[in-house]
Amino acid sequence: SSGINAEWPLRPGHVISVYFSGTAVPGSPFDITVQPSLDIERIKLIVDRENPPRINKQYKFTVDCSDAGPAPVLFGFIGDPDNDNPDKPRKDILVIVCDDKGNPIKDKKGKVITIDVRVLKSSGICHFTFTPEVEGPIYLKVQYDGKNVPKSPLKVNVSSFIDMSKVRIYGDGITTDKPVRANKPMTFVIDATNA
């Protein structure tokens, strides 16, 4: 077993012939397709800061490669069984939802969390959705050809979901007809125990 590293110019018609002891190996020569590379500095990691991740609620973020070049883009994530399948094409953009040490986040059963991947047809834009199960900081790590894209890894904080319809506020002047006095202390309660 040995490996060869090569850089190919962007033009059609590349062929690799492989020989062992003067005899062509089965399948040789191999036709090689060369695609243009993306400009990593123009790949965008987009999160919705108005709707941060919540425990047991789906969270969506986007990777936008539409301005990064004409290359077709294959998106994937750590935990996808296709990553280890040699019959499947290698992913250009790889997403990892991980801890501060780069370890993939796991679900309560100890498996790497599943990420739903939705590619907008031929646009170079992909939405990733996952459901965090634990509270605390997590990192969205996006890589192109093994290198982090700008803003990656991006720290987001997962917090508990609060159902605002179950928050109760009561006290003088809020739930009673008793008026409150100017320049006097007033007491009211915000109860979020069932939220």
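Let's start at Pro-29, which sits in the loop between β3 (23-24) and β4 (30-32). Before I go on, please keep in mind that this is a predicted model. The peptide bond that joins Ser-28 to Pro-29 is cis, with omega at about 5 degrees. There is another cis bond to show you, from Ser-152 to Pro-153, and there omega is near -5 degrees. Pro-153 also belongs to a loop, the one between β12 (147-148) and β13 (154-158). As a reminder, most residues other than glycine have a negative phi, and most peptide bonds are trans.

That brings me to phi. Ser-21 is not a glycine, yet its phi is positive, about 50 degrees. You'll find Ser-21 in the loop between β2 (19-20) and β3. Is Ser-21 buried or exposed? Its relative accessible area is 68%, so Ser-21 is exposed. Asn-56 is not a glycine either, and has a positive phi of about 60 degrees. This asparagine lies in the loop between β5 (44-47) and β6 (59-64). Asn-56 counts as partly exposed because its relative accessibility is 48%.

Now let's go inside. Leu-140 is part of strand β11, which covers residues 136-144. With 0% relative accessibility, Leu-140 counts as buried. And what does Leu-140 touch, leaving out residues up to four places away in sequence? The list includes Leu-45, Val-47, Tyr-59, Phe-61, Ile-96, Val-97 and Phe-130. Also among the contacts of Leu-140 are Ser-152 and Pro-153, along with Leu-154 and Val-156. So we meet both ends of that second cis bond again, Ser-152 and Pro-153. One more distance for Leu-140: its C-alpha atom is 9.6 Å from that of Gly-102, and the two residues are 38 apart along the chain.

Next, a charged residue, Asp-92. Where is Asp-92? Look in the loop between β7 (75-77) and β8 (93-98). Despite that loop position, Asp-92 counts as buried, at 14% relative accessibility. What does its side chain reach at 2.8 Å? The partner is the backbone nitrogen of Leu-74. Beyond residues up to four places away in sequence, Asp-92 touches Pro-72, Val-73 and Leu-74 on one stretch, and Gln-143, Tyr-144 and Asp-145 on another.

On to the cysteines. How many disulfides are there? The count comes to zero. Why does Cys-98 not form one? The closest cysteine sulfur to that of Cys-98 is in Cys-126, and at 17 Å that is too far for a bond. What about Cys-126? The cysteine sulfur closest to it is in Cys-65, at 8.6 Å, so this pair is too far apart as well; the cut-off for a disulfide is 2.5 Å. Cys-98 is buried, with 2% relative accessible area, and Cys-126 counts as buried too, at 0%.

Let me finish on the surface. Which residues make the nonpolar patch of about 530 Å²? They are Ile-169, Ile-174, Val-180, Met-186, Phe-188 and Ile-190. If you'd like one of them to click on, try Phe-188, in strand β15, residues 188-191. Phe-188 counts as partly exposed because its relative accessibility is 42%. Thanks, everyone, and I'm happy to go back to any of these spots.

Definitions and conventions. Residues are numbered from 1 along each chain as its sequence is written. This is a predicted model: local features need pLDDT of at least 70, side-chain atom pairs count only at pLDDT 80 or more; totals for chains, interfaces and linings use all residues. Side-chain values use heavy atoms; hydrogens and water are left out. Patches are made of residues with over 30% relative accessible area and no salt bridge: like charges are joined within 9 Å, nonpolar side chains (Val, Leu, Ile, Met, Phe, Trp, Tyr) within 5 Å. Accessible areas come from the Shrake-Rupley method with a 1.4 Å probe; for residues, only the protein chains shown count as cover. A salt bridge is a side-chain nitrogen of Lys or Arg within 4 Å of a carboxyl oxygen of Asp or Glu. Helices (H or I, at least four residues) and strands (E, at least two) are DSSP runs, numbered from the N terminus. Buried means under 20% relative accessible area, exposed over 50%, partly exposed in between (1.4 Å probe, protein chains only). A polar contact is a pair of N or O atoms within 3.5 Å; within protein, one must be able to donate a hydrogen and the other to accept it, and residues adjacent in sequence count only if both atoms are side-chain atoms. Contact means heavy atoms within 4.5 Å.
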